[in-house]
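Q: I would like a close look at a single part of the model shown here, set in its surroundings.

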Amino acid sequence: MNGEPVSRGKMVPERIRVIVAHADPPTRRAVRDVLSDVSDFVVVADAEDGVTAVELALFYRPEIVLLDVTMPRRDGIAAAALIVAGAPSVSVVMFSDRDDSATAMAALRAGACGFLSAVLDLRTLAESLRSVMAGGAAVSASLARHLVDLVRETPETGVGLRPVRSSLTRREWEVLDMICAGMSTREISGALFVAEDTVYGHVKHMMRKLGVRSRAEAVSVAGVLRQITDGADGA
């Protein structure tokens, strides 16, 4: 297919295929109408819940999935992580009426390459998505400033998403991160390309090291460990 070369070595197709995922039908229709009026976009499907969004994304493998943060059946953040893991070529752009940095950071950490406010001027939506296709990120000015401040405040040794003072291995933390995102053993197995028995082994070792008896307890402990690390770094 003919297209224009972009900086990241990919070709922008003549028609950028998009899946719109939002629980509210009028919102899906509004986004579809806006993109349908632009010649270089085509909406190939829409989804009303997170499970359907992942299924459609892995089936169609469009250039972009426009995904709401708050979705029934599967949270939008977890859905984004599954899409990115299962179809790395798909760019996930998330939007939400919760225009706060914490939600935006969770979306970006899940693998999204953009975060837009649901109250944005829809006339700018196409341009934001084009910037993603050109290898950029679709973020607001306020979020961009927050990211700059975050980098400035991060110690040179780095903290990342995981506590530096932890007995868990890198793979065990990967599994725990996915559990925190609401992913099942089968979904984790598919995302990491390992057998389910291997995942069970990682979970068993991780839970023993954390001293917990359930996945829910592991998620709670993970949150406490992160808070302790954040507090120590800010001291």
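Which residues of strand 6 lie on one side and which on the other, and are they buried or exposed?

A: Strand 6 has both of its faces covered, with Ser91, Val93 and Phe95 buried on one side and Val92, Met94 and Ser96 buried on the other. The model is a predicted one, in which local features need pLDDT of at least 70 and side-chain atom pairs count only at pLDDT 80 or more, while totals for chains, interfaces and linings use all residues. Residues are numbered from 1 along each chain as its sequence is written, and side-chain values use heavy atoms, with hydrogens and water left out.

Buried here means under 20% relative accessible area and exposed over 50%, with partly exposed in between, for a 1.4 Å probe and protein chains only; strands (E, at least two residues) and helices (H or I, at least four) are DSSP runs numbered from the N terminus. By that standard six of the six residues of strand 6 are buried, so the strand is largely enclosed by the rest of the structure. In a regular strand the side chains alternate between the two faces of the sheet.

Strand 6 (residues 91-96) runs parallel to strand 5, and five bridges join the two; strands count as paired if DSSP finds at least two bridges between them. Among the facing positions, Val65 has Val92 as its bridge partner, Leu66 stands opposite Val93, and Leu67 has Met94 as its partner. Strand 5 is likewise largely enclosed by the rest of the structure, because five of its five residues are buried: Ile64, Leu66 and Asp68 point one way, and Val65 and Leu67 point the other way. Strand 5 is also joined to strand 3 by four bridges, again in parallel, and Leu66 is the bridge partner of Val20 in that pairing.

These strands belong to an open sheet of six, ordered 4-3-5-6-7-8, with parallel pairing. At its edges stand strand 4 and strand 8 (138-139), each with a single partner strand, so one side of each is left without a neighbour in the sheet. Helix 1 packs on this sheet, touching strand 3, strand 4, strand 5 and strand 6, and its direction makes about 165 degrees with that of strand 4; such angles run from 0 to 180 degrees between N-to-C directions, with axes as lines fitted to C-alpha atoms, for helices over the stretch in contact.

Helix 1 (residues 25-36) has 12 residues and reaches 16 Å from its first C-alpha to its last, close to the 16 Å expected at 1.5 Å a residue, where the expected span is 1.5 Å times one less than the number of residues. The buried residues of helix 1 are Arg28, Val31 and Leu35. Seen down the helix axis, these buried residues fall within an arc of 70 degrees, so they line one face of helix 1; the arc is that of the directions from the helix axis to the C-beta atoms. Their cover includes strand 3 (16-21), strand 4 (41-47), strand 5 (64-68) and helix 5 (125-133).

Away from the strand itself, helix 9 (residues 196-210) also shows a one-sided arrangement: its buried residues are Val199, His202, Val203, Met206, Met207 and Leu210. They cover an arc of only 130 degrees around the axis, which puts them on the same side of helix 9, whereas Asp197, Lys204 and Arg208 are exposed on the other side. Two of those buried residues, His202 and Val203, are touched by Val175, which also touches Ile188 and Leu192, not counting residues up to four places away in sequence; contact means heavy atoms within 4.5 Å. Val175 lies in helix 7 (residues 170-180) and is buried, with a relative accessible area of 1%. Ser189, in helix 8 (residues 185-192), counts as buried at 11% relative accessibility and, leaving aside neighbours within four places in sequence, is in contact with Val194, Ala195, Glu196 and Val199.

For the chain as a whole, the secondary structure comes to 10 helices and eight strands, and buried residues make up 41% of the 235 residues. Of the contacts with a separation of 6 or more, 60% involve residues 24 or more positions apart.
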